[in-house]
Amino acid sequence: MRDAIQEEAIDNETICYNRIFNNKIERGSAKANLFKLEGSSFNFTVATASPNQSVMGRGFNAIIFDDLCKDSMSALSDRYQDMLWDWVTNTMLNRLEYIQDKDGNLTKKGKKLIFLNTKWSSKDPIVRIKELFKEEEIVELSFPALQEDG
């Protein structure tokens, strides 16, 4: 993640993080697992885990789920999807920490869940997460793999 934020575009066509979000990592705070964005008082802690791995003793205010289903066999398996959903909700979402809002109150609003994946089925975690958080603001960016007009 840190490397993606620091990446510079090599031409006018390349899409990279800093072209979209206009953030840079603060000088002197660029450890791979702990860094701060310029102008922010917030430290990003990064840890990695795969489904069925423990994340005991860690808390997060942002979670990035990257390609939880690696192939069609697991993506279309109800058993695997149920196991994956259990891991997302009971392991990962339980680790979301409270953050302080502008009035000083502790809240889980403002949490960030980012899913980078292909939506394979109605039991896919991204479909379920949208239903679980339907009352909250969800921003969805969709990049179709196929051109819609053929």
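This passage describes the architecture, the aromatic and nonpolar interior, the salt bridges and a surface patch of a predicted model.

The secondary structure of the protein consists of five helices and seven strands. Read from the N terminus, these elements follow the order α-α-β-β-β-β-α-α-β-β-β-α. The protein has 150 residues, of which 23% are buried. Among contacts with a separation of 6 or more, 46% join residues that are 24 or more positions apart. The accessible surface of the protein amounts to about 11,200 Å², and carbon and sulfur atoms contribute 49% of this area.

Two aromatic pairs are present in the structure. In the edge-to-face pair, Phe 65 and Trp 87 lie 6.2 Å apart from centre to centre, with 80° between the planes. This pair links distant parts of the chain, since Phe 65 belongs to strand 4 and Trp 87 to helix 4 (residues 78–92), 22 residues apart. Phe 65 counts as buried at 2% relative accessibility, and Trp 87 is likewise buried, with a relative accessible area of 4%. The pair formed by Phe 65 and Phe 115 is stacked, with a centre-to-centre distance of 4.5 Å and an angle of 15° between the planes. Because Phe 65 lies in strand 4 and Phe 115 in strand 7 (residues 112–116), this stacked pair ties together parts that are 50 residues apart in sequence. Both Phe 65 and Phe 115 are buried. Through these ring pairs, Phe 65, Trp 87 and Phe 115 are joined into a cluster.

The nonpolar interior was examined next. In soluble globular proteins, nonpolar side chains tend to be buried together. The largest nonpolar core of the model contains 18 residues, and the members that touch the most others are Phe 65, Leu 68, Val 88, Met 92 and Ile 129. Strand 4, helix 4 and helix 5 (125–132) are the elements that each give two or more residues to this core. Helix 4 supplies the largest share, with five residues. Phe 65 thus appears both among these highly connected core members and in the aromatic cluster. The surroundings of Ile 129 also include residues remote in sequence: with neighbours within four places set aside, Ile 129 is in contact with Trp 85, Val 88, Leu 93, Leu 113 and Phe 115. Of these partners, Val 88 is itself one of the core members with the most contacts to other members, while Phe 115 is the stacking partner of Phe 65.

Three salt bridges were identified. The side chains of Lys 123 and Asp 82 meet at an N-to-O distance of 2.9 Å. Lys 123 lies in the loop between strand 7 and helix 5, whereas Asp 82 is in helix 4, so this salt bridge ties together parts that are 41 residues apart in sequence. Both partners are partly exposed, with relative accessible areas of 23% for Lys 123 and 36% for Asp 82. Asp 82 also forms a salt bridge with Arg 128, at 2.8 Å from N to O. As Asp 82 lies in helix 4 and Arg 128 in helix 5, parts of the chain 46 residues apart are tied together by this pair. Arg 128 counts as buried, at 17% relative accessibility. With Asp 82 taking part in both interactions, Asp 82, Lys 123 and Arg 128 are linked in a network of salt bridges.

The remaining salt bridge joins Lys 130 to Glu 140, with the closest N and O atoms 2.9 Å apart. Lys 130 lies in helix 5 and Glu 140 in the segment after helix 5, so the pair ties together parts that are 10 residues apart in sequence. Lys 130 is partly exposed, with a relative accessible area of 30%, whereas Glu 140 is exposed, with a relative accessible area of 52%.

At the surface, Ile 64, Ile 114 and Leu 116 form a nonpolar patch whose accessible area together is about 240 Å². Ile 64 is located in strand 4 (residues 62–66) and is partly exposed, with a relative accessible area of 38%. Phe 65, also in strand 4, is by contrast buried, at 2% relative accessibility. Strand 4 therefore carries a partly exposed residue, Ile 64, and a buried one, Phe 65.

How values were computed: Residues are numbered from 1 along each chain as its sequence is written. This is a predicted model: local features need pLDDT of at least 70, side-chain atom pairs count only at pLDDT 80 or more; totals for chains, interfaces and linings use all residues. Side-chain values use heavy atoms; hydrogens and water are left out. Patches are made of residues with over 30% relative accessible area and no salt bridge: like charges are joined within 9 Å, nonpolar side chains (Val, Leu, Ile, Met, Phe, Trp, Tyr) within 5 Å. Accessible areas come from the Shrake-Rupley method with a 1.4 Å probe; for residues, only the protein chains shown count as cover. A salt bridge is a side-chain nitrogen of Lys or Arg within 4 Å of a carboxyl oxygen of Asp or Glu. Helices (H or I, at least four residues) and strands (E, at least two) are DSSP runs, numbered from the N terminus. Buried means under 20% relative accessible area, exposed over 50%, partly exposed in between (1.4 Å probe, protein chains only). Contact means heavy atoms within 4.5 Å. Rings of Phe, Tyr and Trp (its six-membered ring) pair if their centres lie within 6.5 Å; planes under 30 degrees apart count as stacked, over 60 as edge-to-face and the rest as tilted. A nonpolar core is a set of buried Ala, Val, Leu, Ile, Met, Phe, Trp, Tyr and Cys residues joined through side-chain atoms within 4.5 Å.
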